[in-house]
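This report reads one chain from its overall dimensions down to individual side-chain pairs. Please consult the sequence and the coordinates shown here alongside the text.

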Amino acid sequence: MISNIDSSDSVTTLTSETANPLQTYALGIEFNGANYRGWQRQQEVLCVQQVVEETLSKIANEPIEVVAAGRTDAGVHGGNMLAHFKTSAKRGIYNWLRGANSLLPDDIAIRWIQPMPDDFHARFGAIARRYRYITLNQPQRPAILNHLVTHVHEPLDLALMQQTAEYIVGTHDFSSFRAAACQSKQPVRNIHNAKMFQHGQFIVFDIQADGFLHHMVRNLMGTLFAIGKGELQPDDYLRILEAKDRTIAPPTAAPDGLYFINAYYPEPFQKLLPELPLAPQWLNLTE
């Protein structure tokens, strides 16, 4: 007897994805942002994302898209930019790391790569992001640290800046500290921690939040500089914050001293990620 069953009903066609299922990898990327127009890929200018994607694509022998936990401005650095990519390529961790770092330019390096569950997402899964802004506060300008710190030659009043940093913590509307080109749908952010402390000749601003607006950390730092120089008082920060008007705040601080240092995730994902010293490593901070 001849069967009436169509063979197309009983045969499953193997797709390339079925034959080679996609693996999700998390990675930590370190970069000196001085020569780049920020993290996010843009037309006609060189960005960190483009360089990393092109490098990983060569190793995978297929197109790779890298999604990062945050975006950085032109000139801003990454100490441990969390990101992820998916690929059907079968490579060992050692091969990914050695291959990528042998091809990347000297100012970009991958610190680690870690296989992750399929539902890990570096951007949408992050519950916190953390930055540090490093100021060299001394009369003489730096040479070796040029573009790695922001230099302020006049003395800064650390106590006043620390008082102001305490005001930053909490949930606030940061309209006065967002760039005009900011594309975020709403300006409210929850600041978990904002600390200002001295480390030798360096003043460090360490801030962690659920997310940041475009230029937000640099705009906050611009106001902190004005307070440290005695041009404004800590209460002026509160006045600027409440005004929700960017035009009344001091100028944006330079990008040179800003570092994206980490992103944090819910416990099931966080426990899979390596714990490394926080950037910038040359500063030798233990916290």
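What pLDDT does the chain average, and what share of the residues score at least 70?

## Confidence of the model

The structure is a predicted model. Its average pLDDT is 92, and 93% of the residues reach a score of at least 70. Residues 1-17 have a pLDDT below 50, and in the model this stretch makes one contact beyond near neighbours in sequence. Where pLDDT is low, predicted coordinates should not be read in detail.

## Overall architecture

The chain contains eight helices and 10 strands. Its C-alpha trace extends over about 95 × 40 × 40 Å along the principal axes. Of the contacts with a separation of 6 or more, 71% involve residues that are 24 or more positions apart.

Of the 287 residues, 51% are buried. The exposed area of the chain is about 14600 Å², of which 50% comes from carbon and sulfur atoms.

## Charge distribution

The chain carries 24 positive and 29 negative side chains. The centres of these two sets are 2 Å apart. Side chains of opposite charge can pair when their charged atoms come close. In this chain the count of salt bridges is seven.

## Salt bridges across the sequence

Where does the salt bridge between Glu 53 and Arg 41 place its two partners in the chain? The side chains of Glu 53 and Arg 41 meet at an N to O distance of 2.7 Å. Glu 53 belongs to helix H3 (residues 48-60), whereas Arg 41 sits in the loop between strand S1 (23-31) and H3, and the two are 12 residues apart. Glu 53 counts as buried because its relative accessibility is 6%, under the 20% limit. Arg 41, at 41% relative accessibility, counts as partly exposed.

A second bridge pairs Lys 229 with Glu 154, with 3.7 Å between the closest N and O atoms. Lys 229 is in the loop between helix H6 (216-228) and helix H7 (234-243), and Glu 154 is in the loop between strand S6 (150-152) and helix H5 (158-168), so this pair ties together parts 75 residues apart in sequence. Lys 229 is partly exposed at 36% relative accessibility, and Glu 154 is also partly exposed, with a relative accessible area of 26%.

## A pair within one helix and a shared network

Asp 236 and Arg 239 form a salt bridge in which the closest N and O atoms are 3.4 Å apart. Why are these two residues separated by about one helical turn? Asp 236 and Arg 239 are three residues apart in helix H7, which means a separation of about one helical turn. Arg 239 is partly exposed, its relative accessible area being 42%. Elsewhere, Arg 130, Arg 132 and Asp 206 are joined into one network by salt bridges that share partners.

## The surroundings of Ala 34

Ala 34 lies in the loop between S1 and H3. Is Ala 34 buried, exposed or partly exposed? With a relative accessible area of 35%, Ala 34 is partly exposed.

Leaving aside residues up to four places away in sequence, Ala 34 touches Gly 75, His 77 and His 147. Ala 34 and Asn 146 are 112 residues apart in sequence, and their C-alpha atoms are 9.7 Å apart in space.

Terms used:
Residues numbered from 1 in each chain as written. Predicted model: local features only at pLDDT ≥ 70, side-chain atom pairs only at ≥ 80, totals over all residues. Heavy atoms only, no water. Helix = DSSP H or I, 4+ residues; strand = E, 2+ residues; numbered from the N terminus. Buried < 20%, exposed > 50% of the residue type's maximum accessible area, 1.4 Å probe, protein only. Contact = heavy atoms within 4.5 Å. Areas by Shrake-Rupley, 256 points an atom, 1.4 Å probe, with all protein chains shown as cover. Lys, Arg positive; Asp, Glu negative; His and termini not counted. Charge placed at Lys NZ, Arg CZ, Asp CG, Glu CD. Salt bridge = Lys/Arg side-chain N within 4 Å of Asp/Glu carboxyl O. pLDDT = per-residue confidence, 0-100.
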